[in-house]
There are 2 protein chains.
Amino acid sequence: MTDAATKAAGAGKGARPARRGEAGEPGTAGASSTVRFKPSGRKVRAAAGVSLLDAAAAAGVEIEAPCGGQGRCGRCKVKLRSGDAERRPTPFLRAEEIADGVALACQTYVSGDVEVVVHKRALGKVRPTGHAAAKPEALPVSCDWRRNPAVDTVVVDMDPPSLLDNTSDLDRLRRELSRQHGINEVRAELTILGTLARALREADWKVAVTLEMRDWVYEAYLPPRLLDIRPADGPLGNYGLAVDIGTTSVVAYLVDFDTAQVVDTASAYNRQIECGEDVISRIIFSQRGAGLLRLQRLILETINELIDELTERTAVRQHDIHEVACAGNTTMTHLLLGLDPKYVREEPYIPTITVAPKLVGAELGLHVNPQARVHCLPSVGSYVGGDITAGVISSGLYTSDRLTLFIDIGTNGEIVLGTKDWLIACACSAGPAFEGGGVGHGMRASSGAIEDVWVNATTFEPTFRTVDNAPVLGICGSGLIDLLGELFITGVIDKSGHIDLSLDTPRVRQGQRGPEYVVAWESDTGIGHDVTITETDIENLLRAKAAIYAGYSVLCRSVGVELADVAQILIGGAFGQYINVEKAIRIGLLPDLPTERFHFLGNTSALGAYTTLVCVSCRHDVIDVAGKMTYLELSADNSFMDEYMSALFLPHTHLDTFPSVKALLDGLNAGGGKHAAAGHTDRRDETP
Amino acid sequence: MTDAATKAAGAGKGARPARRGEAGEPGTAGASSTVRFKPSGRKVRAAAGVSLLDAAAAAGVEIEAPCGGQGRCGRCKVKLRSGDAERRPTPFLRAEEIADGVALACQTYVSGDVEVVVHKRALGKVRPTGHAAAKPEALPVSCDWRRNPAVDTVVVDMDPPSLLDNTSDLDRLRRELSRQHGINEVRAELTILGTLARALREADWKVAVTLEMRDWVYEAYLPPRLLDIRPADGPLGNYGLAVDIGTTSVVAYLVDFDTAQVVDTASAYNRQIECGEDVISRIIFSQRGAGLLRLQRLILETINELIDELTERTAVRQHDIHEVACAGNTTMTHLLLGLDPKYVREEPYIPTITVAPKLVGAELGLHVNPQARVHCLPSVGSYVGGDITAGVISSGLYTSDRLTLFIDIGTNGEIVLGTKDWLIACACSAGPAFEGGGVGHGMRASSGAIEDVWVNATTFEPTFRTVDNAPVLGICGSGLIDLLGELFITGVIDKSGHIDLSLDTPRVRQGQRGPEYVVAWESDTGIGHDVTITETDIENLLRAKAAIYAGYSVLCRSVGVELADVAQILIGGAFGQYINVEKAIRIGLLPDLPTERFHFLGNTSALGAYTTLVCVSCRHDVIDVAGKMTYLELSADNSFMDEYMSALFLPHTHLDTFPSVKALLDGLNAGGGKHAAAGHTDRRDETP
């Protein structure tokens with residue numbers, strides 16, 4: 001046991017250094033200790049009271065901290081090799097770890113020179129198999145984009161300059177674009193001007209000129225902008241990139257502008273996950289030292305890796321990607337642009353922007369043509385972002401005559417209600433339960449995740465299917481919805497989510513973390529122990545579904561319509577496409593409406609990015625949509641908490657709200673003979 | 001004597017390695033030797049045949065090479081300490097230097113591993129005393145700029161956001177700008193958005209908003225652009241910077257936008273001088289390795305040093321400099337922007353641009369507000385640049401009813417002829433003689449330079465004045481004009497510039513470099529030897545003045561006007577203000593017209609930058625002026641060479657072209673008794 005570990009271990013509860021908070025940022029005045037990181041060998045001067053996580057950020061050493069450094073995830077373990085540091089007590093370290101000098105970087109504070117060993121846990125290049133982007137052969141674009149292309153290429157054949165015709169290169173090109181194509185007053189930025197002289201001469205004055213013909217937002221009336229100059233007799237690829245920047249996954253479509261076809265797709269985890277799994281954790285992380293810069297770099301690296309993968313596979317030149325459209329929630333968009341999201345998190349939840357400024361690829365360092373315009377789909381507010389306006393555009397909701405509910409289920413449930421004439425939106429913090437967070441054996445929909453479950457009403461034995469039919473590693477969101485519904489219907493849990501330990505099955509038991517149901521025995525898993533769901537897990541799931549239910553209920557009430565009046569329910573988001581409607585209704589996540597009213601649209605965020613990429617008028621539409629959408633702040637709405645509390649049951653406090661579930665339960669009870677189902681009828685109907 | 005020196009010294013004439021020219025750039029394939037530079041310790045891999053100058057550039061080691069690496073100046077001396085390198089013979093090294101391993105970096109080529117000692121000769125922060133920028137108290141701006149300011153500041157008092165008024169920070173600011181000031185659709189770029197959230201909150205929602213109200217060129221109709229957000233109760237400085245980027249000197253005016261007054265000025269040598277003294281040398285330098293980047297960095301460093309000096313002296317915050325206007329010749333503008341000037345030098349002399357693209361301070365790394373727009377005054381062609389359009393604007397020539405000739409005398413003589421209805425311009429390569437180049441004891445107009453000279457017609461003894469009355473270091477341009485005229489009038493030289501060695505004075509003698517006239521004996525100088533002017537120096541001066549005379553003569557003829565019809569001659573440029581008209585006419589540099597038609601305007605380039613900085617309509621005017629000005633390419637004009645040849649005499653082959661000089665000579669001859677003058681009368685009238 002090292003000195004540091006002894007000292008740290010001896011620091012009991014309340015031993016948190018008083019100086020913390022007063023201490024400056026690492027490297028500022030008052031810095032007095034040296035923190036060395038192994039194995040990188042990097043070091044930094046830090047004031048007493050600075051956390052090792054902050055010191056690491058200042059030194060450029062990356063430490064994974066999914067909870068954003070709040071001491072809530074236990075993932076930022078490091079080892080103190082020598083020197084002085086003070087550790088706050090944490091439930092995430094075992095006594096032998098503490099004795100061995102292990103510490104949580106975010107909960108350990110510099111009190112003298114210290115040496116810290118960081119073992120990087122690589123996030124790796126995991127592909128979310130279950131959510132892999134489909135390759136849409138012909139995506140629906142309702143408008144006539146071909147008559148109004150964003151990017152176009154024309155061939156210009158010039159006379160070389162002479163002493164008697166010695167106009168500048170740019171003016172010569174402009175003159176001939178006007179003469180030969182009627183394209184006037186072309187704009188050119190510095191980056192392309194740096195290559196112009198050589199490009200014209202190497203092509204022997206016969207060039208293919210790629211132009212951004214229409215500029216977005218308030219500069220729509222600007223003259224065309226020079227994007228690319230290539231020899232007219234060479235290859236003339238003309239591509240775009242549509243990117244869905246999810247908090248968890250990032251999906252990219254490579255689009256051929258000449259055909260509007262998606263030629264390939266790729267997806268990867270958002271590398272920002274190492275700084276926090278959800279939006280709030282990342283905002284917290286962004287407030288530390290170089291946190292914002294690191295988050296921006298990580299998302300850009302993620303996108304660039306996808307571009308590299310796509311262009312390598314398709315042999316498309318990165319220089320031939322002439323435009324990029326990104327759809328992401330408001331925080332993702334802020335982080336992409338390097339804008340501080342601090343006030344997105346703090347009441348009253350104000351973003352810096354809803355419509356992003358004009359940028360080109362070079363400004364962000366994207367692996368595309370440096371002149372390529374990068375669009376971000378506009379947000380409505382801090383919690384209704386570009387992913388949602390993308391959904392409204394790609395779903396056609398904004399052109400519909402019928403009352404439509406659009407639901408994007410994720411860490412945040414975003415909900416839009418409206419017609420072509422009006423739109424209202426809200427966001428409810430569902431938590432990460434449906435994405436596998438806050439659930440002991442929850443996981444993302446990748447290989448080994450249970451995605452479908454059925455429970456026998458008599459034996460309570462489950463039958464399930466995993467992604468890739470691999471040995472069980474955990475349960476993903478769709479699996480959790482299934483499981484919850486099945487456990488409820490079969491009486492394993494009651495309407496409050498309590499497990500009936502009296503059942504005659506080894507599947508229910510009192511576990512280390514309280515009552516639990518065993519979904520898979522150790523022998524069926526690839527993780528060496530049973531995969532279970534606990535009452536705590538179920539509570540988290542109930543809170544998630546209750547938040548979403550309360551969200552659309554309040555939204556309907558706010559405009560005076562009944563849920564039953566909704567003519568269609570569009571389910572968007574990467575997660576939505578894997579939900580079983582019937583089972584989602586059974587737990588009260590989706591409203592109890594006829595199945596035919598539900599439509600699963602897949603990754604509406606990526607589709608919206610694609611739509612605005614290939615269709616200039618859709619770009620104007622999405623700005624209009626964002627501008628006219630009313631944002632209902634649920635935390636300012638008195639009825640939200642009532643709705644939420646009522647929805648914390650299966651399927652709802654008032655079973656009449658879910659007539660199809662009531663009928664199912666009645667049927668099961670009426671059938672009789674099923675011990676479990678019968679035995680729980682009364683409890684199910686109890687009002688708590 | 002080291003091995004390298006032995007080998008190099010042994011490399012005789014013609015020993016230039018055959019591989020040169022075939023060799024790749026340093027660091028590319030085929031690189032096989034290591035070049036180490038002392039004292040920096042930097043090293044680089046370079047292929048055989050690469051010059052040490054190129055290798056140094058690749059290694060980031062700066063070596064002064066005023067001729068651009070052509071082997072013509074002898075300034076890039078280095079010392080070979082060990083290893084292999086092959087030296088071309090050069091007249092700039094003495095035998096003992098060669099023996100000691102000294103070499104010219106540009107004339108020495110890698111042939112194996114080599115270690116090179118570079119002794120940096122600091123250019124230092126020399127202030128061109130004689131050309132120091134005057135501090136104009138109230139510069140003439142004819143238009144009513146106050147009614148159309150480029151940059152304006154308004155105060156906005158906002159309600160803080162709440163849950164029920166949760167629009168984004170940018171939209172809130174826009175809304176209040178519109179409500180409180182009627183300013184709509186304000187544009188904001190990413191840089192300022194990054195500071196917006198904090199700026200609004202730190203100012204407690206009461207802010208002073210600085211806006212670029214009018215955008216230049218084809219985006220003149222764009223909405224205002226956000227430049228700065230400051231607390232409304234803090235200091236609200238609003239400044240601009242006008243910069244004259246001369247090939248030799250850079251001059252900056254700090255301008256208070258609120259009063260349009262120049263609050264301070266500063267000037268310094270253009271630090272690019274270390275890469276070449278004239279435009280052509282710098283273009284040649286720009287073609288080596290990282291040459292272009294280095295030239296761009298050097299001019300930006302020069303400007304930043306001037307900004308630092310100005311802001312330190314005036315206590316103006318650099319962040320409060322909200323706009324920058326730069327006037328420079330076409331090559332200087334290309335180098336400032338990092339655009340390759342290669343084709344400016346090669347026939348048919350084509351620049352990439354004449355009108356610079358829109359830039360902000362951050363893009364160039366200028367020490368001003370990162371959002372500050374940086375304007376460059378437009379060029380007409382490769383050799384009529386933004387310094388000349390600046391002159392046309394600031395002189396008012398473009399608004400004049402009278403036939404006007406504008407002459408900017410420098411390394412290039414740029415000449416504009418016209419009225420408010422038409423403008424024609426040309427450029428003639430005068431060479432650097434009037435700036436002290438190509439003249440043995442020539443120098444810039446700094447301390448110790450002879451600037452006025454008179455020669456006694458009987459004794460041939462000179463009387464002179466030096467800048468700062470310091471001991472003689474050399475002769476500057478105005479001194480050379482004086483001297484040439486005096487020597488001619490007194491018969492020391494004839495009309496061809498030949499020195500009369502038969503004169504009875506020790507001042508004329510056969511020197512090491514041929515016949516010469518001693519202007520100052522060693523004892524009067526600060527350099528330890530006599531200051532002289534040789535026949536070779538005089539030839540260079542005759543060529544310079546002949547080029548300028550031929551320029552304006554051809555320009556007049558091309559539009560069918562006589563020189564005598566010119567109503568006013570405006571002399572611009574930093575150098576122009578120090579010329580004595582009478583003596584300039586005497587040598588045939590300026591046309592023989594009544595003195596009252598000449599006007600010296602001072603630094604018209606800096607004045608033009610200032611004018612466009614404070615006056616938005618002048619910005620449009622200068623673009624119009626550049627667009628409508630006809631550029632006459634002298635090398636494509638048949639009559640130019642005839643005019644030039646005829647002007648290679650004092651004052652001209654045809655003395656009748658200079659009646660006032662003829663009268664003066666006649667007077668001197670008629671006066672009689674003056675040995676020298678009389679003795680040379682016949683020769684002066686000879687036609688060669």
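# Close-up views of a predicted two-chain model

**Figure 1. Helix α11 of chain B and the elements that cover it in the predicted model.** The buried residues of α11(B) are covered by elements of chain B that include the strands β12 (321–328), β15 (404–408), β16 (412–418) and β17 (423–429), together with the helices α16 (604–614) and α17 (616–628). The helix itself spans residues 386–395 and is mostly covered, with eight of its 10 residues counted as buried. These buried residues are G386(B), D387(B), I388(B), T389(B), A390(B), G391(B), V392(B) and I393(B). Just after the helix, G396(B) adopts a positive phi of about 75°.

**Figure 2. Aromatic pairs within helices α13 of chain A and α18 of chain B.** Over all chains, a search of the whole structure finds eight aromatic pairs. One of them joins Y549(A) and Y552(A) in an edge-to-face arrangement, with 5.3 Å from centre to centre and 65° between the planes. Both tyrosines belong to helix α13 (residues 535–558) of chain A, where they lie three residues apart, or about one turn of the helix. Y549(A) has a relative accessible area of 5% and is therefore buried, and Y552(A), at 0%, is buried as well. In chain B, F640(B) and Y644(B) form a stacked pair, with 6.2 Å between the ring centres and 15° between the planes. These two residues are separated by about one helical turn because they stand four residues apart in helix α18 (residues 638–646) of chain B. In general, an α-helix has 3.6 residues a turn, so residues three or four places apart point the same way. F640(B) counts as buried at 13% relative accessibility, and Y644(B) is likewise buried, at 15%. Returning to chain A, Y549(A) and Y552(A) form one aromatic cluster together with F658(A).

**Figure 3. Arginine charges placed over aromatic rings.** Within chain A, the charged end of R172(A) sits over the ring of W205(A), at 6.0 Å from the ring centre. Between the two chains, the charged end of R201(B) sits over the ring of Y343(A), at 3.7 Å from its centre.

**Figure 4. The surroundings of A636(B) and the cis peptide bond before P348(B).** A636(B) is found in the loop between β26 (630–631) and α18 of chain B, and its relative accessibility of 32% makes it partly exposed. When residues up to four places away in sequence are set aside, A636(B) touches L163(A) and L164(A). The C-alpha atoms of A636(B) and P348(B) are separated by 9.5 Å, although the two residues stand 288 residues apart along the chain. P348(B) has its place in the loop between α9 (342–345) and β13 (359–360) of chain B, and the peptide bond joining E347(B) to P348(B) is cis, with omega about 5°.

**Figure 5. Unusual backbone geometry in three further loops.** Most residues other than glycine have a negative phi, and most peptide bonds are trans. In chain A, the bond from L650(A) to P651(A) is cis, with omega near -10°, and P651(A) lies in the loop between α18 (639–646) and α19 (659–671). E185(A), which is not a glycine, has a positive phi of about 55°; this residue is found in the loop between α4 (169–181) and α5 (190–202) of chain A and is partly exposed, with a relative accessible area of 44%. W205(B), also not a glycine, has a positive phi of about 65° and lies in the loop between α5 (190–202) and β7 (206–212) of chain B. With a relative accessible area of 6%, W205(B) is buried.

**Figure 6. The relation between the chains, and the confidence of chain A.** A turn of 180° and a shift of 0.0 Å along the axis lay chain A on chain B with an RMSD of 0.1 Å, which is the relation of a two-fold axis. Because 100% of the interface residues of chain A are also interface residues in chain B, the copies meet through the same surface. The model scores ipTM 0.78 and pTM 0.77. Chain A has a mean pLDDT of 85, and 86% of its residues reach 70 or more. Over residues 1–29 of chain A, however, pLDDT stays under 50, and the model has 48 contacts beyond four places in sequence for this stretch. Residues 121–139 of chain A also have a pLDDT below 50, with 51 contacts in the model beyond near neighbours in sequence. Where pLDDT is low, the predicted coordinates should not be read in detail.

Notes:
Residues are numbered from 1 along each chain as its sequence is written. Chains are lettered from A and ligands numbered from 1 in the order in which they are written. This is a predicted model: local features need pLDDT of at least 70, side-chain atom pairs count only at pLDDT 80 or more; totals for chains, interfaces and linings use all residues. Side-chain values use heavy atoms; hydrogens and water are left out. Buried means under 20% relative accessible area, exposed over 50%, partly exposed in between (1.4 Å probe, protein chains only). Contact means heavy atoms within 4.5 Å. Rings of Phe, Tyr and Trp (its six-membered ring) pair if their centres lie within 6.5 Å; planes under 30 degrees apart count as stacked, over 60 as edge-to-face and the rest as tilted. A charge sits over a ring if NZ of Lys or CZ of Arg is within 6 Å of the ring centre and within 35 degrees of the ring normal. pLDDT is the predictor's confidence in each residue, from 0 to 100. Copies are superposed by least squares on the C-alpha atoms of residues with pLDDT of at least 70 in both.
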